[in-house]
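Trainee: I'd like a close look at one part of this protein, please. Could you walk me through its inside and what sits around it?

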Amino acid sequence: MHYQGVRVSVRLFAGLRERAGTGRLELDDVASVADVWPLLGLGDEPAGLLYAVNREYVERSHALADGDEVAVIPPVSGGALVLSAEPLDVAAVVAEAESDDAGAVATFVGTVRRHSRGRDVVRLEYEAFEEMAEPMLARLADDLTAKHGLSAVAIHHRVGVVDVGEASVVIAVSAPHRAAALDACREAIDTLKETIPLWKKEIYADGEEWIGRGS
């Protein structure tokens, strides 16, 4: 007996949207998230795709119901949410957060200081679980936007070696009013440090130490 799956709405973004020629379509005969990509007819599935059902991230085994919205999310590898091995450009990050709807742009720039924990710092080394950190940055931006009514969010964070005086993270958020922009900017850096899988090693003149998240 042929199994009749459910009907779902699929949303596509960035390069996937361009490949399909549309950002939204309907699929029939779908039982789980794993059925979605083959039915799109877009060739081999790219590495690193994430899926969200009704705006919540799910595994491919997630069962679907009639009327569900399935978002097919490509990896966050550029644009306003970036993990970079190259020096950060503060002005570029601010430009990504600018919006004609905004009355304020708030920024935070974290830099590598010379002294930490009573020791002389030579440099920092950042490591990230990038496949997890990048979509978590995207989710953080979405959450902040919804909570504070933001116009735009841009977050760039270094990975690899960062020298004293260089920026390790740049955050810029824009909003119609300054209070929302300032509150969101503070929440962005606090949440990033506590939840995103990024770790730093402080290299001292006389040794080194992994600091971990939250520092």
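Which residues of the largest nonpolar core touch the most other members?

Mentor: Before we start, keep in mind that this is a predicted model. The largest nonpolar core has 28 residues, and the ones touching the most other members are Leu83, Leu150, Ile155, Ile171, Val173, Leu192 and Leu198. Several elements feed into this core: β6 (81-84), β7 (104-111), α4 (130-148), β10, β12 (167-175) and α5 (178-195) each give at least two residues. Helix α5 makes the largest contribution, with 7 residues. As a bit of background, nonpolar side chains in soluble globular proteins tend to be buried together.

Let's zoom in on Leu150. Leaving out residues up to four places away in sequence, Leu150 touches Leu144, Thr145, Val173, Ser174, Ala175, Ala180 and Ala184. Val173 is worth spotting in that list, since Val173 is also among the core residues that touch the most other members. There is a separate core as well, made of 19 residues that include Val6, Val30, Val36 and Trp37.

Now follow strand β10, which covers residues 152-158 and contains His157. His157 counts as buried because its relative accessibility is 5%, and buried means under 20%. Setting aside neighbours within four places in sequence, His157 contacts Val82, Leu83, Ser84, Leu88, Tyr126, Ser168, Val169, Leu192 and Leu198. Look for Leu83, Leu192 and Leu198 there; you met those three in the list of core residues that touch the most other members.

Arg158 belongs to strand β10 too. With a relative accessibility of 3%, Arg158 also counts as buried. A polar atom of the Arg158 side chain lies 3.2 Å from the backbone oxygen of Glu86. Glu86 also turns up among the residues that Arg158 touches, when those up to four places away in sequence are not counted: Ser84, Ala85, Glu86, Pro87, Leu88, Tyr126, Glu166, Ala167 and Ser168. Compare the two lists and you'll find Ser84, Leu88, Tyr126 and Ser168 in contact with His157 and with Arg158.

Next, hop over to Val90, in helix α3 (residues 90-97). Val90 is 66 residues from His156 in sequence, yet their C-alpha atoms are 9.0 Å apart in space. Val90 touches Val109 and Val170, again not counting residues up to four places away in sequence. At 33% relative accessibility, Val90 counts as partly exposed.

Out on the surface, look for Phe129, Met132, Trp199 and Trp210, which make a nonpolar patch of about 400 Å². Trp210 sits in strand β14 (residues 207-210), and its relative accessibility of 45% makes it partly exposed.

Finally, let's check two backbone angles. Most residues other than glycine have a negative phi. Asp29 isn't a glycine, but its phi is positive, about 65°. You'll find Asp29 in strand β2 (residues 24-30), and it is partly exposed, at 28% relative accessible area. Asn54 has a positive phi as well, near 50°. Asn54 is in the loop between β3 (50-53) and β4 (56-58), and it is partly exposed with a relative accessible area of 42%.

Definitions and conventions: Residues are numbered from 1 along each chain as its sequence is written. This is a predicted model: local features need pLDDT of at least 70, side-chain atom pairs count only at pLDDT 80 or more; totals for chains, interfaces and linings use all residues. Side-chain values use heavy atoms; hydrogens and water are left out. Helices (H or I, at least four residues) and strands (E, at least two) are DSSP runs, numbered from the N terminus. Buried means under 20% relative accessible area, exposed over 50%, partly exposed in between (1.4 Å probe, protein chains only). Contact means heavy atoms within 4.5 Å. Patches are made of residues with over 30% relative accessible area and no salt bridge: like charges are joined within 9 Å, nonpolar side chains (Val, Leu, Ile, Met, Phe, Trp, Tyr) within 5 Å. Accessible areas come from the Shrake-Rupley method with a 1.4 Å probe; for residues, only the protein chains shown count as cover. A salt bridge is a side-chain nitrogen of Lys or Arg within 4 Å of a carboxyl oxygen of Asp or Glu. A polar contact is a pair of N or O atoms within 3.5 Å; within protein, one must be able to donate a hydrogen and the other to accept it, and residues adjacent in sequence count only if both atoms are side-chain atoms. A nonpolar core is a set of buried Ala, Val, Leu, Ile, Met, Phe, Trp, Tyr and Cys residues joined through side-chain atoms within 4.5 Å.
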